Amino acid sequence: MSPQGPFPRFEDALRSGLPLLTCEIASGDSADPQDLLRRARLVRDHVDAVNLPDNTAGIVHMSALAAAAILVREGIDPIVHVTCRDRNRMALQSDLLGAAALGVRNVLCLTGDHTIHGDHPGAKPVFDLDSLQLLGLVGTLRRGRYLSGREIRPAPELLPGATENPFAPPYDFRPLRVQKKVEAGARFLQTQITYNVARFAAFMQRVRDLGLDRRVSILAGVAPLRSARSARYMQERVPGMEVTDAVIRRMDQAGPGRSRAEEEGLAIAVEIVEQVREIKGLAGIHLMPIHWEEAVAEIAARARLEPARLALAATVAARAGRDAGTDRRGPGVEDSPLDRPREHRA
């Protein structure tokens, strides 16, 4: 899946209309690139792109941009998180140009968790811009201009994305916020972790009413639980997270043993994938294993999830064979995934 090679990029997968699959891994808690690569290699064959968070929850980790550059060298297409918490508009522009120069094109634009929630509560936050303004900044750079108006030649190749939380009240406001992010330039959108499928379905209904599913590719966040304790912690302590009582009961009934709890957590995640993929307008799934990268392959296998890039790569190979005069295509190759309209269904 080398971004520089013939293997399709995440942007190609977005355009294909095929169901998408992405996942998030930790960017690393040290300067050891081997630890990052070990986790990346667990997921690389199962997804279209790999998210790298930017000091998530206000806790310091390896630079997300540095981690993304390491994944590019490994032939993995990263989605780098960029927050407004730690950088003013000058630093953001520099980092975005640097990302493009390093082959990191997919950028998830976030405001960022406040420092008071992290491990450096006394650190001074920046918040020169917010996520909507950051999306606009990326669009300005893509058009070949700095915010100052000075020209950039050539313009950087960047693919801006955004997040949304369907589970944070006021619920009616969330689709309108998606609309603002689409109008600001978001090309894809990944949601908060889904445990309440009914609320997510209501969110998507309003998204469809506004016609937004035809303007942006929306991926539903899904995360496997490893214990009843972690489920209860998210329910009680994580703002904007809605873990239902039914999920808590199932994790409690699994008992204290780690293997049984993890098995139940995987089963719940697969069930949620199978439910949300039936919701019209959804473009794909975004798995967030939370330091459990081994779960990505397991969920993908059980839920029969495949990255869109595999089908695209087969099409590219078939076209290459045809162009070389050695076309051995089977039926259906003319109906290329590269030429299909988005089906808006994961």
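Visitor: Why does Asn-55 count as buried?

Guide: This is a predicted model, and in it Asn-55 has a relative accessibility of 16%. Buried means under 20%, so Asn-55 makes the cut.

Visitor: Where is Asn-55 placed, and what is it in contact with, its neighbours within four places in sequence left aside?

Guide: Look in the loop between β2 (49–52) and α3 (64–73). With those neighbours left out, Asn-55 touches Val-60, His-61, Arg-85 and Asp-86.

Visitor: On to the strands. What makes β5 largely enclosed by the rest of the structure?

Guide: Strand β5 covers residues 159–164, and five of its six residues are buried, so the rest of the structure largely encloses it.

Visitor: How do you know that β4 and β5 pair?

Guide: Pairing takes at least two bridges, and β4 (residues 106–110) has three with β5, in the parallel sense. Val-107 stands opposite Pro-160 in β5.

Visitor: Now the helices. Why are α10 and α11 called oblique to each other?

Guide: Helix α10 (residues 258–276) packs against helix α11 (residues 294–302) at about 50 degrees, and their axes are 10 Å apart. Roughly parallel needs an angle under 35 degrees, and roughly perpendicular runs from 65 to 115. The pair fits neither, and is therefore oblique. As for handedness, α10 passes α11 in a right-handed crossing.

Visitor: Which residues make that contact?

Guide: From α10 come Glu-263, Leu-266, Ala-267, Ala-269, Val-270, Val-273 and Glu-274, and from α11 come Ala-295, Glu-298, Ile-299 and Arg-302.

Visitor: How many of the residues in the contact of α10 with α11 are nonpolar, polar or charged?

Guide: Seven are nonpolar and four charged, with no polar ones.

Technical notes:
Residues numbered from 1 in each chain as written. Predicted model: local features only at pLDDT ≥ 70, side-chain atom pairs only at ≥ 80, totals over all residues. Heavy atoms only, no water. Axes fitted to C-alpha atoms, helices over the stretch in contact; angles between N-to-C directions. Helix = DSSP H or I, 4+ residues; strand = E, 2+ residues; numbered from the N terminus. Parallel < 35°, antiparallel > 145°, perpendicular 65-115°, else oblique. Left-handed = near helix turned anticlockwise from the far one by under 90°. Contact = heavy atoms within 4.5 Å. Nonpolar A, V, L, I, M, F, W, Y, C, P; charged D, E, K, R; others polar. Buried < 20%, exposed > 50% of the residue type's maximum accessible area, 1.4 Å probe, protein only.
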